[in-house]
Every structure is written in structure tokens, then in C-alpha cells.
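Trainee: I am new to this structure and would be grateful for a close look at one part of it, the enclosed spaces inside the protein and what surrounds them. Please take me through that part in one connected account.

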Amino acid sequence: MKADEKATYGEELKEEIKRLKKEKGAVILAHYYQQGDIQDLADFIGDSLALAQIARTLKEDVIVLCGVHFMGETAKILCPEKTVLVPDENAGCSLADSCQADDFAKFIKDHPDHTVLSYVNTSAAVKALTDIVVTSSNALSIVNKLPEDAKIIFGPDRNLGGYINRITGRDMLLWNGACHVHEQFSVEKLIELKKANPDAEVLAHPECKKVVLMLADVVGSTAKLLKYSQESDCKKFIVATESGILHEMRKSCPDKEFIPLPPTDSTCGCNDCSYMKLNTLEKLRDCLKNGYPAIEVDAETASKAVKPIERMLEMSK
Ligand code: CIZ
């Protein structure tokens, strides 16, 4: 397809999505890690915490969650009466996959008397084993609200858990999981970029390895990093998280420069989550048209999993 044909096709596709959304009584939520044109079409964009908070307030019967499977599950658990669609049913999560419910149940059984905190990047079945769900936006403040002598299991991200342990001086027991995108950021390339851009600040997500976090000026969730970049006087940032967030950063601060930190093993300048990027405009159109793929969570799991999610939302007020 020639460039002008491609542009016309893209515009027609976006119009079709807007028309179908209206026809089907749907609302589109997109995570910051989605590709830019999906974020631009969405009614709401945000991180997992914001998307969960928004999902509960919606009047529409159909929610299209442009993100990965666990995000769709969270929306379905919070809004069981609604249809929740995710454009690509294979949009999973390496971190969620690193913590299977049976294994996690055994880990919990082996360490009784612990409060179980699970990062939102987990299956509904793991959430059902959990006392409080956390996201990268609220994990630190939720841990700080627990008694100082509380014994805590934190799963599945060892990097986020380790970061919280270092900040709080706690000794949470960590599940040994990680996100394949955040684990792969190159320390050597970060040092090179810092040398070449001494005027830049480094923004890093707490799912990154400790050594990357130690070289960062600001550590936080996508929402925190975005807000910081908007409010800071600094004009240049090296960004160590999934590259989708750069879209909103560049859009809201066109006068600032955002440099994605590359992974160790790549010649490309960015770091994409292959699962997040499975969602496309075509698949968004098709899921609206067909009402498929829809997220289902069995009633027993959902009734257990909703409690730690509600607890998180309550503790985040
Ligand atoms: O909380 C989320 O949505 C995740 C997975 C990352 C972030 O910081 O937004």
C-alpha cells in the first residue's frame, strides 16, 4: 500500500471504530503501553489502577480493554454484568505467566501467617489467593499502611518487591518472577546514554533491575513517570519502561525530548512488550463488530478475586 492509501485506510478504520463503538454502546479503555493510535482513539487512558477505578464508574454495557488479559480480567471481576472485550485474546503477560496459581498456593502454604500481596500483573486465580492486590502506583503506600511487624509475601515481581524492601526496610518474602521487558534494559546503554546526555533525567519503572533503578533519578509507575515528566523543569528524559508510554509523554510535552532506553539484546532503540503490541486497530474494530474475544472469569474465582481488588481500591482512596 502506498503512503497516501495507507493514511486513508487508517482514517477510515478509525471512523469505523468510532461508529461501531456508538452502535454497540461500548467504551474504550487503553493502557499507556498500547500503540499510539489506539491510545488516541480511547475514551480513557491510564495505568492499571486508573483503569480499574474508571471501569467501576462506567455506564456503558460493553468495555473494550485495550491492554493485556489480566487487565481485562480485572475489569470483568469488578463489572461482572458487563461484556469485557480484549482485542487480541493472546495478549498475555510474561510476569503473570511466571506465577501459576498452583505453585503460588503451595508457596503460601509453606509460609503461613503471612499477608499475601499480589501485583496486579497476575491471573484471576492468583488474585483469588491474595489478601491485597497492588499496582506499581500504590504498592509502596499500601505496604506502608501494614503493621511494621507484618510478615508479607509479595508476588510475582521480584524487582518491584525488592525495591519496596529497600525503600521501607522490610523483609517481604518475594516470589521469583519478572517482566521480560523491564528485565532486559541494558545497563551499559544506560550509562552511555547518561554520558551522552548529561542534561537528561532518568525515569525508571520499579519492575527494572536494581542496578537500573540505582542509576535513575525518578522511580515510579507509568502514571508517576508521566506526571513527573510534565511537571519537571527538565527538558530531556531517558525512559526505562515499555515504549508505549512515550506516546503520551511526547504528546503532552512536545517541547521535551524523550529517549527510550534500549534492551540489552537489540539494535532497535525502544523496548516493546510483544503482548501489548498484539492489539491493533483492525483487531479493535473486529472485536467491536463481533463481540469477541470476551473475557470470562468463573464465578467462584471472581467472588474470591474481587475482595483483594476492592481492598486495594479502598486503600488507594
Ligand atoms: O500498573 C500498571 O498498569 C502497570 C502494569 C504498569 C504501570 O506502571 O502502569
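Mentor: Helix α10 provides the largest share of the lining of the largest cavity, namely 3 residues. Please keep in mind that the model is a predicted one. The count of cavities of 30 Å³ or more comes to 2, and the largest has a volume of about 260 Å³. Its lining consists of 28 residues, of which Y33, M71, N121, E207 and M276 are the closest to the centre of the cavity. The elements that contribute two or more residues to this lining are α4 (69-78), α5 (94-97) and α10 (180-183). By class, the lining of the largest cavity comprises 13 nonpolar, 12 polar and 3 charged residues.

The ligand, to which we now turn, sits in this largest cavity. Around the ligand are H31, Y33, D47, S48, Y119, N121, T135, S136, H205, S221 and T222. Two of these names have already appeared: Y33 and N121 are among the residues closest to the centre of the largest cavity, and both also belong to the surroundings of the ligand. The shell around the ligand contains 8 polar residues, 2 nonpolar ones and 1 charged one.

Several atom pairs show how the ligand is placed against this shell. From the side chain of T222, an N or O atom lies 2.5 Å from an oxygen atom of the ligand. The side chain of H205 has an N or O atom 2.6 Å from a ligand oxygen atom. In S48 the backbone is involved, with an N or O atom 2.7 Å from an oxygen atom of the ligand. The ligand taken alone exposes 270 Å², and the protein buries 99% of that area.

S48 also leads to the other enclosed space, since this residue belongs to the lining of the second largest cavity. That cavity has a volume of about 70 Å³. Along with S48, its lining is made up of L51, A52, A55, L65, M71, T74, A75 and V120. Here the elements that give two or more residues are α3 (48-55) and α4, and α3 supplies the largest share, 4 residues. The lining of the second largest cavity has 7 nonpolar and 2 polar residues, with no charged ones. M71 deserves a second look: this residue lines the second largest cavity and is also among those closest to the centre of the largest one. Helix α4 likewise gives two or more residues to the lining of the largest cavity and to that of the second largest.

Conventions: Residues are numbered from 1 along each chain as its sequence is written. This is a predicted model: local features need pLDDT of at least 70, side-chain atom pairs count only at pLDDT 80 or more; totals for chains, interfaces and linings use all residues. Side-chain values use heavy atoms; hydrogens and water are left out. A residue is near a molecule or strand if one of its heavy atoms lies within 4 Å of it. A polar contact is a pair of N or O atoms within 3.5 Å; within protein, one must be able to donate a hydrogen and the other to accept it, and residues adjacent in sequence count only if both atoms are side-chain atoms. Accessible areas come from the Shrake-Rupley method with a 1.4 Å probe; for residues, only the protein chains shown count as cover. On a 1 Å grid over the protein atoms alone, a cavity is a set of points where a 1.4 Å probe fits but cannot get out, and a pocket is an open set with protein on both sides within 12 Å along at least five of seven lines; lining residues have an atom within 4 Å of a point. A molecule sits in a cavity or pocket if more than half of its atoms lie within 2 Å of its grid points. Ala, Val, Leu, Ile, Met, Phe, Trp, Tyr, Cys and Pro count as nonpolar, Asp, Glu, Lys and Arg as charged, and the others, Gly among them, as polar. Grid points are joined across faces, edges and corners, and a volume is the space filled by probe spheres set on the points.
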